[in-house]
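Work through the following exercises with the model open, and try each task before reading its solution.

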Amino acid sequence: MNPEYPQLRGTAQNPDIYFQNREGCNPFYEAIPNIVVEEMEKVGDLVGRSYHLFDYVGDPEADRVVVSMASSCDVIEETVNYLNTLGERVGLIKVRLYHPFSREHFLQVIPATAERIAVLDRTKSSGALGEPMYQDVCTVFQERAQTPVIVGGRYGLGSKDFTPTMVKAVFDNLRASSPKNHFTVGIKDDVSFTSLDLGEEIHPTTEGTVRCKFWGLGADGTVGANKNAIKIIGENTDMFAQAYFSYDAKKSGGITISHLRFSPHRIQSPYLLSQSDFIACHNPAFVNQYNILEGIRDGGNFLLNSPWTAKDMEKYLPDHMKRTIAQKHLNFYNIDAGKIAAQVGLGGRINMVMQAAFFKIANVIPPQQAVKYIKDAIKKTYGKKGEKIVKMNMNAVDKALGALKKVRVPKSWETAGHEAYLEKDEPEFVSKVMRPMLAQQGDKLPVSAFSPDGIFPTGTTKYEKRGIAINVPEWIPANCIQCNQCAFVCPHAVIRPVLVEQGSLKNAPKTFVTVPAKGKELKGLRFRIQISPLDCTGCGNCADICPAKKKALVMKPLASQKAAQVPNHQFSTTLPVMDHVMAPTTVKGSQFRQPLFEFSGACAGCGETPYVKVVTQLFGDRMLIANATGCSSIYGGSAPVCPYTVNEEGHGPAWANSLFEDNAEYGFGMELAVSQRRDKLVDLVREVLDRDVSKALKQACQEWLDNMNDGAKSKEFGRKLEEQIELEMVNENGAVNALLCEILDRSDYLTKKSIWIVGGDGWAYDIGYGGLDHVIAQGRDVNILVLDTEVYSNTGGQSSKATPTGAVAKFAASGKPVRKKDLGRMAMIYGYVYVASVAMGANKNQFMKALVEAESYPGPSLIIAYAPCINHGINMGRSQHEEKRAVEAGYWTLYRFDPRRKEAGENPLILDSKEPTGDFKEFLMGEVRYSALTRTFPENAKALFEQAEKDMRERFEVYKQLAEK
């Protein structure tokens with residue numbers, strides 16, 4: 001649009017003209033196919049590769065043809081070529097332009113011999129007679145008065161893999177006397193029975209192709225190393241290279257599987273590997289969790305990263321893996337990449353070690369040549385992070401080449417016995433759905449395994465026991481001051497303080513050491529800090545923040561802890577939870593409550609999850625959570641496991657996710673629904689007061705009405721009311737009181753519900769801000785928790801309005817030039833919104849006060865929590881310490897704004913931060929998101945950092961002045 005030639009677009013049209021206006025564009029749509037043909041010809045002239053509206057490949061006299069489009073065409077073409085070499089007559093029509101669908105061009109390419117056609121759609125049109133492209137193809141032939149056999153099918157929904165075996169099943173279906181229509185392929189549908197049976201697996205791979213699979217742990221660098229390997233081969237040789245990466249949702253602690261192909265021929269295999277020539281396992285815990293060697297060819301290469309000696313392999317490798325290694329005559333190599341990475345200063349990043357080992361074993365290109373390319377890639381990739389980082393990675397490569405060891409495979413492994421099966425008391429969902437999915441076998445689950453409404457049960461992470469940590473904390477009882485701070489900050493709720501009566505220890509393991517509990521409320525009880533080693537991610541924050549003079553927690557290798565601590569943890573779960581002996585509103589007391597958020601798939605050292613965990617310890621048994629899409633929806637709600645769990649009564653958070661942009665409105669809707677139901681309950685209880693009932697029942701009704709908006713008291717008096725109703729529900733004549741019966745039917749709303757709207761800064765500051773602002777303006781009783789990482793953490797580290805001045809992020813590569821949005825101050829302007837800014841690692845008591853005040857406030861509350869993130873470029877083993885440094889430097893300000901104080905004649909704003917004492921620039925230089933700017937854009941760094949410090953001081957002074965009024 002141009003003001004030189006102004007136009008009006010996007011008008012609001014009434015029924016009198018809209019229909020005509022829409023039909024007026026028909027000639028333009030009809031002209032599109034020929035225009036596209038002309039443009040395709042131009043592209044062909046430029047690049048030497050011709051495209052048409054429809055391209056046909058296969059036998060020119062094919063009797064069976066598949067019609068499909070997009071990425072499926074490569075795998076179908078690969079399979080068509082393979083089947084035709086076996087004497088079949090099949091073909092494929094590739095749809096390049098779907099709409100407008102050109103009848104003329106379609107009919108020009110389809111072989112005249114085609115008697116049967118299968119149309120594949122990668123979509124599901126619920127309720128339709130057929131999927132969209134199937135209906136278009138049927139229309140072409142119906143309007144031409146021709147009736148070949150045409151069937152439609154669905155494949156690949158949700159990015160499900162589509163393989164040559166599935167393509168062959170489609171062609172086999174066309175050959176049947178009565179081909180199945182409206183079929184599915186790639187799943188087992190035992191509900192509607194639409195699925196095609198898959199025959200024997202086929203592998204139409206071209207000769208000379210090397211197929212490699214890598215099992216890695218998120219954030220260990222495996223994916224990055226494999227991307228580098230693809231670049232090295234693709235840029236420095238004449239070979240073709242391809243990579244596919246599949247991830248689970250466990251963030252930096254999750255599994256990553258890399259599928260790489262290298263070939264002297266063009267690769268037409270857009271699907272994951274089912275057969276491999278080389279397999280690498282980058283985490284030793286995986287050998288007991290997954291079928292790592294599934295699909296490896298006879299004589300292939302297997303590389304394992306582990307600290308185990310050849311003798312240890314006999315003990316730690318599962319028997320099924322030993323049998324595969326021996327029976328398939330694999331070349332078995334081991335390397336202790338973790339040890340090498342630690343020696344050179346790379347911590348848990350083993351990528352360069354494993355990449356060097358891969359190139360030495362796989363022999364895709366000469367190893368000496370590969371090492372040169374790897375080192376060139378290191379300089380290019382890590383140069384901006386400084387010479388020290390470059391040197392570390394170079395040293396890792398050199399050490400790897402000398403540390404690789406080939407393991408001698410004993411002949412006895414060929415007949416290694418089956419693993420002893422341990423009976424587990426676990427729900428059917430866990431054994432029949434969750435475990436197959438966790439073992440990367442979810443593709444094999446039938447339709448009937450799933451609930452049609454998409455609901456999954458909570459409290460299932462406790463069955464995973466991933467055992468992915470290298471080191472886990474060991475408790476030193478003699479040093480412990482019993483402050484419970486370690487449990488308070490644990491991102492994965494793996495550390496639990498145990499209170500127990502002496503009599504309950506009769507059957508305790510010998511290593512279950514307890515000491516007298518400290519504190520007058522705990523007199524006569526025994527105390528212990530218990531770790532769940534197989535759920536720990538090994539971040540080390542617990543040991544880092546331990547305030548004891550001599551650390552009460554020290555990090556030890558996982559292998560040294562499992563024998564004693566696994567039975568200890570199992571025993572601890574049989575003990576009663578003693579959460580009533582100390583006020584839960586204190587840091588120490590809160591940790592005697594069961595976390596109703598545990599063992600999530602968040603990154604090791606995550607700054608977000610400790611906040612969520614503590615919230616559930618205080619309010620979890622009556623929480624409803626609306627969760628914005630982002631990190632918190634991935635570690636909180638990724639199928640099949642759920643970290644939100646239940647207490648002994650079966651109560652726990654009810655969690656739901658809608659969209660990124662509408663989460664505040666979603667939570668607001670929850671509050672409206674809850675209020676509506678409770679209002680009806682209030683009416684019923686008040687009606688009882690007007691009835692001829694006992695004095696005791698009237699008193700119970702009144703006590704509940706007086707306390708219904710207090711979480712703890714509503715539960716207490718709600719139970720009393722239920723008990724009294726049950727006593728009087730049936731009169732002396734056996735008649736049931738319908739009114740009391742209806743109250744009992746609604747008794748699950750006697751306890752006040754705690755509504756929480758949870759999300760990250762990308763949602764709260766950016767995409768969902770309009771909704772958030774609208775919701776807090778309604779004055780309803782909702783609690784909003786913003787987990788502020790100051791960047792779009794879940795989608796790769798993009799800049800948000802929460803990103804501060806000078807920080808480097810995607811879309812702010814030269815440092816963000818403008819200051820961070822002050823979300824808290826904007827919310828305070830309403831005057832009736834509770835607002836708090838917290839940083840757990842800086843002031844745990846202030847966070848607890850804010851939490852209790854916010855939840856008890858009878859209106860909207862907003863808690864903004866500082867959450868260090870792996871995207872900040874910090875040591876995540878010290879994320880709690882980083883929060884403390886941020887507050888001390890004035891980078892993050894602590895405050896609480898409580899409108900109730902104003903009603904009492906006090907200033908509603910309390911500034912909990914003291915005058916900054918830390919060095920602001922020194923704090924910035926401790927995070928790569930800032931320090932990187934000094935290397936990439938040094939001319940910007942000085943000015944932006946000075947501006948960032950000025951912004952900080954201005955913000956602090958504003959809050960100071962507001963708090964002093």
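**Exercise 1. Place Tyr 895 and its ring partner.**

Task: Decide whether Tyr 895 is buried or exposed, and describe how its ring is arranged with that of Tyr 959.

Solution. Tyr 895 has a relative accessibility of 3% and therefore counts as buried, where buried means under 20% relative accessible area, exposed means over 50%, and partly exposed is in between (1.4 Å probe, protein chains only). Tyr 959, at 1% relative accessibility, also counts as buried. The ring centres of Tyr 895 and Tyr 959 are 4.6 Å apart with the planes at 20°, so this pair is stacked; rings of Phe, Tyr and Trp (its six-membered ring) pair if their centres lie within 6.5 Å, and planes under 30 degrees apart count as stacked, over 60 as edge-to-face and the rest as tilted. Because Tyr 895 lies in strand 25 (residues 895-897) and Tyr 959 in helix 34 (residues 938-964), the pair ties together parts that are 64 residues apart in sequence. Helices (H or I, at least four residues) and strands (E, at least two) are DSSP runs, numbered from the N terminus.

The model is predicted: local features need pLDDT of at least 70, side-chain atom pairs count only at pLDDT 80 or more, and totals for chains, interfaces and linings use all residues. Residues are numbered from 1 along each chain as its sequence is written, and side-chain values use heavy atoms, with hydrogens and water left out.

**Exercise 2. Extend the search for aromatic pairs.**

Task: State how many aromatic pairs there are, and characterise the one formed by Phe 429 and Phe 456.

Solution. The count comes to 36 aromatic pairs. The pair of Phe 429 and Phe 456 is edge-to-face, at 5.7 Å centre to centre and with 85° between the planes. Since Phe 429 belongs to helix 14 (residues 428-438) and Phe 456 to the loop between helix 14 and strand 14 (471-475), the pair ties together parts that are 27 residues apart in sequence. Phe 429 is buried, with a relative accessible area of 19%, whereas Phe 456 counts as partly exposed at 31% relative accessibility. One aromatic cluster is formed by Tyr 866, Tyr 891, Trp 892, Phe 920, Phe 923, Tyr 930 and Phe 945.

**Exercise 3. Trace the surroundings of Gln 565.**

Task: Locate Gln 565, list its contacts, and then follow Arg 528 to a ring.

Solution. Gln 565 is found in helix 17 (residues 558-572) and is buried, with a relative accessible area of 14%. Leaving aside neighbours within four places in sequence, Gln 565 is in contact (heavy atoms within 4.5 Å) with Arg 528, Gln 530, Ile 531 and Pro 533. The charged end of Arg 528 sits over the ring of Phe 512, 4.8 Å from its centre, the criterion being that NZ of Lys or CZ of Arg is within 6 Å of the ring centre and within 35 degrees of the ring normal.

**Exercise 4. Account for the cysteines.**

Task: Find how many disulfides the whole structure contains, and examine Cys 73 and Cys 642.

Solution. The search finds zero disulfides, a disulfide being a pair of cysteine sulfur atoms within 2.5 Å. For Cys 73, the closest cysteine sulfur is that of Cys 138, 18 Å away and therefore too far for a bond. For Cys 642, the closest cysteine sulfur, in Cys 606, is 16 Å away, again too far for a bond. Cys 73 is buried, with a relative accessible area of 5%, and Cys 642 counts as buried at 10% relative accessibility.
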